[in-house]
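Visitor: I'd love a close look at a single part of this model, followed by how that part fits in with the rest. Please go slowly, since I'm in my first year.

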Amino acid sequence: MRLNPLLKTAGVAAALAIAGAATTGAAHAGTVDTIKKRGELVCGVSQGSAGLSIADKQGRWTGLDADLCRALAAAVLGDAEKTRFVPLSSQQRFPALQSGEIDVLNRNTTITSGRDAGLGITSAGIVFYDGQGFLVPRKLGVKSAAELDGAQVCVQPGTVNEQNLVDYFKKNKLTYRPVVIENLVELEQAFYAGRCDVYLSDASTLAASRAARAAKPDDFVILPERINKSPLGPFVRQDDPNWASIVRWTVNALVAAEELGITSKNADSQAQSTDAQVRRLLGVDPGIGKSFGLDESWAKNAIKAVGNYGEVWDRNLGAATPLKLDRGLNAQWNKGGLLYSPPFQ
């Protein structure tokens with residue numbers, strides 16, 4: 001095999017560095033430039049899911065997904081408030097991303113092989129390890145999903161929930177009658193009005209719905225079964241690898257910040273740390289920001305805007321919120337969970 005002369009003279013690592021530098025301008029064009037010229041980041045979110053993305057009475061969006069949108073705006077534009085939220089139904093979300101109507105889809109969307117390979121979009125990290133379950137009225141006396149034979153099940157079309165519903169009931173030789181409603185608010189209204197016996201969705205969505213929509217939350221029970229793994233995360237178009245990397249590493253930055261003890265309140269003082277990981281994450285030791293085409297303080301801006309992952313969790317989903325969700329799989333890797341950031345270097 002004949003070596004490229006560049007590899008002979010500069011060495012493999014140096015050649016790759018030179019090649020990377022030559023393509024830097026092209027890699028950084030596209031979504032980031034569009035966002036900067038527009039002056040705001042456009043983020044697709046749900047039509048209302050407490051704890052994830054929901055608008056309050058003043059129209060301000062809150063939730064884990066909404067905070068990630070703000071973190072991205074802070075990373076790219078230096079201002080978390082330069083975020084425009086676009087509420088989307090389950091059927092609207094992918095066309096909106098594919099068409100360029102939104103820059104990123106951060107709408108409690110499950111990562112699957114088909115979505116990652118067949119729609120011209122790609123996942124950009126996991127923000128929530130979830131699983132699909134069943135919400136039922138306590139008065140039914142149902143203790144297990146195995147007792148749901150013949151039930152009427154509320155489900156949104158065009159979601160993995162719909163396919164998993166078919167798979168679960170077929171596998172367990174159970175019958176059911178689907179009540180298919182596209183709009184999430186209308187679906188939840190139908191369930192709490194008694195039009196169906198069961199509401200199928202991610203456990204986080206069910207907990208949010210019960211806390212926010214039910215007149216008496218204690219009248220409804222989430223059954224213990226989880227019928228699939230449901231890792232939730234942001235999606236971007238496949239035509240801009242650099243933007244996908246920025247979204248992924250912004251998620252990683254919030255996760256790494258929690259592990260390293262960096263918070264929204266101490267990010268500035270932590271910049272004095274002698275810890276190499278902390279210094280690289282906060283941009284004190286330069287290089288990472290430039291590789292993305294961002295300011296070196298991009299990660300610090302994101303952390304200061306919304307906090308580390310633990311802060312975001314506690315504010316939107318934790319024990320002090322109506323959802324009262326345990327961290328579970330969403331705890332740090334060294335505390336029994338799955339959260340883990342690759343190294344910043």
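Guide: First, a bit of vocabulary: helices (H or I, at least four residues) and strands (E, at least two) are DSSP runs, numbered from the N terminus. Keep in mind that this is a predicted model, where local features need pLDDT of at least 70 and side-chain atom pairs count only at pLDDT 80 or more, while totals for chains, interfaces and linings use all residues. Residues are numbered from 1 along each chain as its sequence is written, and side-chain values use heavy atoms, with hydrogens and water left out.

Let's zoom in on N108. You'll find N108 in the loop between β5 (104-105) and α6 (113-118). Its backbone has a quirk: N108 isn't a glycine, yet its phi is positive, at about 25 degrees. N108 has 13% relative accessibility, so it counts as buried (buried means under 20% relative accessible area, exposed over 50%, partly exposed in between, with a 1.4 Å probe and protein chains only).

What does N108 touch? Leaving out residues up to four places away in sequence, N108 touches S46, L52, D65, R93, D202, T205 and L232; a contact here means heavy atoms within 4.5 Å. Two of those partners lead us onward. D65 falls within helix α4 (residues 64-77), and D202 falls within strand β10 (198-202).

Let's follow D202. D202 is listed among the residues that N161 touches, together with Q132, V155, L200 and S201, again not counting residues up to four places away in sequence. N161 sits in helix α7 (residues 160-171). Because its relative accessible area is 7%, N161 counts as buried. So D202 is a stop on both routes: N108 touches D202, and N161 touches D202.

V155, a partner of N161, belongs to strand β8 (residues 151-155), and that strand brings us to a disulfide (a pair of cysteine sulfur atoms within 2.5 Å). C154 is joined to C196 by a disulfide, with 1.8 Å from S to S. C154 lies in strand β8, while C196 lies in the loop between α8 (184-192) and β10, so this pair links distant parts of the chain, 42 residues apart. The torsion about their S-S bond is about -85 degrees, which means the disulfide is left-handed. C154 is buried, with a relative accessible area of 0%, and C196 is buried at 3%.

Now go back to helix α4, the home of D65. C69 lies in α4 as well, and its disulfide partner C43 lies in strand β1 (residues 41-45), so the bond ties together parts that are 26 residues apart in sequence. The sulfur atoms of C43 and C69 are 2.0 Å apart. With a torsion of about -55 degrees about the S-S bond, this disulfide is left-handed. C43 is buried at 0% relative accessibility, and C69 is buried at 0% relative accessibility. The structure holds two disulfides, and they follow the pattern 1-2, 3-4 when you count the bonded cysteines along the chain.

For contrast with N108, try K324. K324 has a positive phi, near 55 degrees, in a residue other than glycine. K324 lies in the segment after α15 (309-316), and at 55% relative accessibility K324 counts as exposed. That segment also includes N334, which is partly exposed with a relative accessible area of 46%. N334 and E259 are 75 residues apart in sequence, yet 8.7 Å apart in space, C-alpha to C-alpha.

Finally, zoom out to the whole chain. The protein chain has 15 helices and 13 strands. Of its 345 residues, 50% count as buried; N108 and N161 are two that do. Links across the sequence show up in the totals too: among contacts between residues at least 6 apart in sequence, 70% join residues at least 24 apart. The C-alpha atoms fill a box of roughly 75 × 50 × 40 Å, taken along the principal axes. The radius of gyration is 22 Å, which agrees with the value near 20 Å for a compact globule with 345 residues; the radius is taken over C-alpha atoms, and the globule rule is 2.2 Å times the number of residues to the power 0.38.
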